[in-house]
Each structure stands twice: as structure tokens, then as C-alpha cells.
Amino acid sequence: MEYVDLLRWLHVIGATILLGTGAGIAFFMTMAHRTGRPDLIAHVAGTVVVADTLFTATAAVIQPLTGWLLARAVGWPLSEGWIALSLILYVVIGLFWLPVVRIQTTLRDLASAAAGSGVPLPPRYHRLYRIWFACGFPAFAAMLAIIWLMTAKPRFVLF
């Protein structure tokens, strides 16, 4: 396998992990939340925190590295319109994802405390869940846009 092919493959795998893990986390957290059961929510949220740390964080670091190396190897300047827009959208995703990681941890802790005490989920849990849920839409849309940009490589000038 040539160097460029390896970089391209790693970059596609990274994008797949980011999209797939994000969609899976959103699905399982939402399904657990719908039960209203603090014990189940605590368990699922705990798994989500591990998955986000193991998969999403790793791919989030590898993605820009493989992208930069790939662009350099192929000769694409980072100022190329579709690359520059992808980088901007990647920052947007990060701005939504970083608070979500903290929120997921808090949701896990609040659900765990409620389960341990045998009380319903507190209002703070529900407020944070709504924020967590809302943050997913722009982040997911930006990820879909980046994947389209990576595959279509439309020619335009951003700056």
C-alpha cells in the first residue's frame, strides 16, 4: 500500500469512526433517557463516556493529522476552499463536542446518584440532557458536510 493510499484509508476510517460513534452515542443515550430509569441511564451514560474517550477522542486527534499529511502528500494547500471550510467545520464540531463530553459525565453522575438514592432524576439532569441533545444537531450536520466536502472536493474560493 502506498503512503498516500494509507493516509487516505486512515483518514476515511477516522471520519467513519467519528460519524458512527457520534450517531451510536446519540441513539443509545436517547433511548436510555426515554426510559426515565436512572439506573439504566447511569449505565448507558457510563458506557458512552468510555466510548467517547476511547473512539471519538482518538479519531478526533488522528483526523486532522492524517488530513494534513494527506493534503501535503497530494499537494493540496490548506487554503483550498473545500479543505479550509472542512477545517472551520471541524472546529465548530469541537466547540459542540467538548461541552458534550462534560455534560455526558454529569448526566452519568446525576443518574447514578438518583439511582443510588432511589429518587427520580433531578431537574438539572433534564436541563443538561436538553442541552446535550441540542448540541448534537449542528455537530452532526457539520460532520455530514465535511464528509461531503471530502468526497466531492468542490472547487471554490473561501478566502
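The protein chain puts about 9,100 Å² of accessible surface on show, and 73% of that belongs to carbon and sulfur atoms (areas by the Shrake-Rupley method with a 1.4 Å probe; for residues, only the protein chains shown count as cover). Bear in mind that this is a predicted model: local features need pLDDT of at least 70, side-chain atom pairs count only at pLDDT 80 or more, and totals for chains, interfaces and linings use all residues. Residues are numbered from 1 along each chain as its sequence is written, and side-chain values use heavy atoms, with hydrogens and water left out.

**Overall layout**

- The protein chain has four helices and zero strands (DSSP runs numbered from the N terminus: H or I of at least four residues for helices, E of at least two for strands).
- Read from the N terminus, the order of elements is simply α-α-α-α.
- The C-alpha trace spans about 60 × 35 × 20 Å along its principal axes.
- Of the 159 residues in the protein chain, 35% count as buried (buried is under 20% relative accessible area, exposed is over 50%, and partly exposed is in between, with a 1.4 Å probe and protein chains only).
- Take the contacts between residues at least 6 apart in sequence: 79% of them join residues at least 24 apart (a contact means heavy atoms within 4.5 Å).

**Ile-83 and Lys-153**

- Ile-83 sits in helix α3, which covers residues 81-117.
- With a relative accessible area of 9%, Ile-83 is buried.
- Leaving out residues up to four places away in sequence, Ile-83 touches Ala-71, Trp-76, Pro-77 and Leu-78.
- Ile-83 and Lys-153 are 70 residues apart along the chain, yet their C-alpha atoms are separated by 8.1 Å.
- Lys-153 belongs to the segment after α4 and is partly exposed, at a relative accessible area of 33%.
- One for the backbone watchers: Lys-153 has a positive phi of about 45° although it is not a glycine.

**Salt bridges**

- The count comes to four salt bridges (a side-chain nitrogen of Lys or Arg within 4 Å of a carboxyl oxygen of Asp or Glu).
- One of them joins Arg-8 to Asp-5, with the closest N and O atoms 3.4 Å apart.
- Both Arg-8 and Asp-5 lie in helix α1, three residues apart, or about one turn of the helix.
- Arg-8 counts as partly exposed at 38% relative accessibility, and Asp-5 also counts as partly exposed, at 35%.
- Glu-80 pairs up with Arg-155, their closest N and O atoms being 3.3 Å apart.
- That pair links distant parts of the chain, 75 residues apart: Glu-80 is in the loop between α2 (38-74) and α3, while Arg-155 is in the segment after α4 (123-152).
- The two ends of this bridge contrast in accessibility: Glu-80 counts as buried at 17%, whereas Arg-155 is exposed, with a relative accessible area of 74%.
- Asp-109 bridges to Arg-108, and here the closest N and O atoms are 3.0 Å apart.
- Asp-109 is partly exposed at 40% relative accessibility, and Arg-108 is partly exposed with a relative accessible area of 25%.

**Surface patches and charge**

- Met-1, Leu-6, Trp-9, Leu-10 and Ile-13 make a nonpolar surface patch of about 510 Å² (patch residues have over 30% relative accessible area and no salt bridge; like charges are joined within 9 Å, and nonpolar side chains, meaning Val, Leu, Ile, Met, Phe, Trp and Tyr, within 5 Å).
- Leu-10 from that patch lies in helix α1, residues 3-35, and is partly exposed with a relative accessible area of 31%.
- Arg-102, Arg-124, Arg-127 and Arg-130 form a positive surface patch.
- α4 gives the most to the positive patch, with three residues.
- Arg-102 lies in helix α3 and counts as exposed at 56% relative accessibility.
- Across the protein chain there are 11 positive and 6 negative charges, and their mean positions are 10 Å apart (Lys and Arg count as positive, Asp and Glu as negative, while His and the chain ends are not counted; a charge is placed at NZ of Lys, CZ of Arg, CG of Asp or CD of Glu).
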